[in-house]
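User: Got a minute to walk through this one with me? I have some questions before I set anything up.
Analyst: Sure, put it up and ask away.

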Amino acid sequence: MKKDLYQLYEARKAKKHATLILPDGQKLEMPMYSPALGPDVIDISSLKKVDLFTYDPGFVATASCSSGVTYIDGDRGELLYRGYPIEELAKKATFLQTCYLLYHGEMPTPAQFKTFKHTVTRHTMVTERVVDFIKGFDTGAHPMAVMIAVIGALAAFYHEWIDVKDQASRNESALRLVAKVPTIAAMSYKYSIGQPVMYPQNNYGFAENFLHMMFATPCEPYKSDKVLIDALNRIFILHADHEQNASTSTVRLAGSTNANPFACISAGIASLWGPAHGGANEAVLKMLEEIGEVENIPEYIKGVKAGVAGKRLMGFGHRVYKNFDPRANVMRDTCHQVLKHLKLHNDKTFKIALELERIALEDEYFIKRKLYPNVDFYSGIVLRAIGIPTSMFTAIFAISRTIGWVTHWNEQHKDPEFRIGRPRQLYVGDKRRKLTSTKR
Ligand code: ACO
């Protein structure tokens, strides 16, 4: 039996049961599964036999699937990709090695990596029709709006790789997406500033190629800075996957209908765009700019605590991490390195960020609610130092997360329990009523 199937089979061997006693005294036995890591899970699917549902807005206590990709322990601040701690991967691996690990489940051998890298780089180009398509958008369009449309439309250009039931076809479209999303993101940016698009350079690594497509022009040679390449590589690794977050769950829900991979990833990008999710790093920078001066921080925090117009401290808080976000620690160090290297450590925005973090971490409001900086509190500052415009921040998150999305989408299609996702509801609308004639 394959490793992933075996692990699912092992986890599903119920050794314990939970008993639910209904108001009429009826007892319902529910199997409890023990995951490889983390708390036990109660299988509530037998509720449908007695015509009952569970109610859990925001899926706070609901596992929507089984998965062997990523594990998060929110209390311990732990994030593992296929069992490897994020801190180690950020230090020792490249983004493409991390992509291989996520997709295939193991670190690649040198030969496997060579083939994988060759396949990804061979797919970085897009057909010129895609470039024409991008030119149809308004120059002021947000890159995420362009990406949602263009990536969804890839199904119209790469029809031959959308047989979702075929493993080879899934692999091909997954790697095409990892390779082409950065090209499309950089092209959207170049178009928005009126510069010619820069074609990918396949002799560069993943992060270096992206910097080239963003910042090079046909007029002069461009060489990326090693410290900035490393920082971007780390940003890509830290954002590569994060269990069943909103955008990944969106991809899975779309995937559960057997929709094509380009449509599923486009749905994921749309979900990521929201400021409560991937749009947070853009929102952090806007917030720091709005604060403007270190002296204005206490007043700003006062507004957040008072809930003025739903104001939140952007880059703070997380649904799962209730102690610290391990990605934020790596990002904070990277932030110091980059700003020091670029001699920007006196940068006003960074000083405001550090002071804001210090004040918030000592404030009873944030302590009580277990609100700590998340990865996006620092990633925006690093991206800005690299020279990435704020409007591209979420696009960079989408580039990183594409590997996570395609990995989950592929895992879902291999799952023996694959079925369409269809949540139920607690209906609170009108009861059945009669329609009086509306014809006039
Ligand atoms: N600033 C101020 N108060 C906050 C914040 C914040 N950033 N986050 C949560 N709270 C407060 C809420 O007002 C609530 O207070 P209450 O109990 O008095 O009503 C309490 O903390 C719990 O908040 P919820 O919204 O229930 O927490 P949830 O887990 O649903 O939300 C989320 C998590 C969306 C990340 C939230 O913390 C938030 O909006 N943060 C800011 C946006 C952000 O940084 N998002 C990036 C997430 S990481 C990522 O996508 C890579």
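User: Which residue in β5 is the bridge partner of Ile72?
Analyst: Leu79. Bear in mind that this is a predicted model.

User: How many bridges join β4 to β5, and in what sense do the two run?
Analyst: Four bridges, and the strands run antiparallel. β5 covers residues 78-81.

User: What sheet do they belong to?
Analyst: An open sheet of three strands, in the order β4-β5-β6. The pairing is antiparallel. β4 (70-73) and β6 (84-85) are the edge strands, each pairing on one side only.

User: Now the other sheet. What is the strand order there?
Analyst: β1-β2-β3, an open sheet with antiparallel pairing. Its edge strands are β1 and β3, the latter spanning 41-42.

User: How many bridges are there between β1 and β2?
Analyst: Six. β1 takes residues 16-21 and β2 takes residues 27-33. Within that pairing, Ala18 has Met30 as its bridge partner. Ile21 stands opposite Lys27.

User: And what about the turn in that hairpin?
Analyst: Five residues lie between the strands. Gly25, in this hairpin, has a positive phi near 90°.

User: How many bridges for β2 with β3?
Analyst: Two, again in the antiparallel sense. Tyr33 stands opposite Val41 of β3.

User: Let's switch to the ligand. How many residues surround it?
Analyst: 19. The closest are Arg312, Leu313, Gly315, Phe316 and Arg319.

User: What does that shell look like by class?
Analyst: Ten residues are nonpolar, five are polar and four are charged.

User: Which ligand atom does the backbone of Leu313 approach, and at what distance?
Analyst: A nitrogen atom of the ligand, which lies 2.8 Å from a backbone N or O atom of Leu313. Ala276 also offers a backbone N or O atom, at 3.1 Å from a nitrogen atom of the ligand.

User: Is the contact from His277 made by backbone or side chain?
Analyst: Side chain. A polar atom there sits 3.1 Å from an oxygen atom of the ligand.

User: How much of the ligand does the protein cover?
Analyst: 71% of its accessible area. On its own the ligand has 920 Å² of that area.

User: Pockets next. What is the volume of the second largest one?
Analyst: About 250 Å³. Its lining has 13 residues. Nearest its centre are Thr94, Gly205, Phe206, Ala207 and Asn233.

User: Which helix gives the most to that lining?
Analyst: α9, with four residues. At least two residues each come from α3 (95-104), α4 (110-122), α8 (206-215) and α9 (226-238).

User: And how do the lining residues of that pocket divide by class?
Analyst: Six nonpolar, three polar and four charged.

User: What about enclosed space? How many cavities of 30 Å³ or more are there?
Analyst: Three. The largest cavity has a volume of about 100 Å³. There are 16 residues lining the largest cavity, and the closest to its centre are Thr121, Thr124, Gly205, Phe206 and Asn209.

User: Which elements give two or more residues to that lining?
Analyst: α4, α7 (167-192) and α8. The largest share is from α8, at four residues.

User: What is the class make-up of the cavity lining?
Analyst: Eight nonpolar, seven polar and one charged.

User: Back up a second. Gly205 came up in the pocket too. Where does Gly205 lie in the second largest pocket?
Analyst: Among the residues nearest the pocket centre, along with Phe206. Gly205 and Phe206 are also among the residues closest to the centre of the largest cavity. α8 contributes to both linings: at least two residues for the pocket, and four for the cavity.

User: Good, that's what I needed.

Methods. Residues numbered from 1 in each chain as written. Predicted model: local features only at pLDDT ≥ 70, side-chain atom pairs only at ≥ 80, totals over all residues. Heavy atoms only, no water. Near = heavy atom within 4 Å. Polar contact = N/O pair within 3.5 Å; in protein donor to acceptor, adjacent residues only side chain to side chain. Areas by Shrake-Rupley, 256 points an atom, 1.4 Å probe, with all protein chains shown as cover. Nonpolar A, V, L, I, M, F, W, Y, C, P; charged D, E, K, R; others polar. 1 Å grid on protein atoms, 1.4 Å probe; cavity = no way out; pocket = protein on both sides within 12 Å on 5 of 7 lines; lining within 4 Å. Points joined across faces, edges and corners; volume = space filled by probe spheres on them. Pairing = 2+ DSSP bridges.
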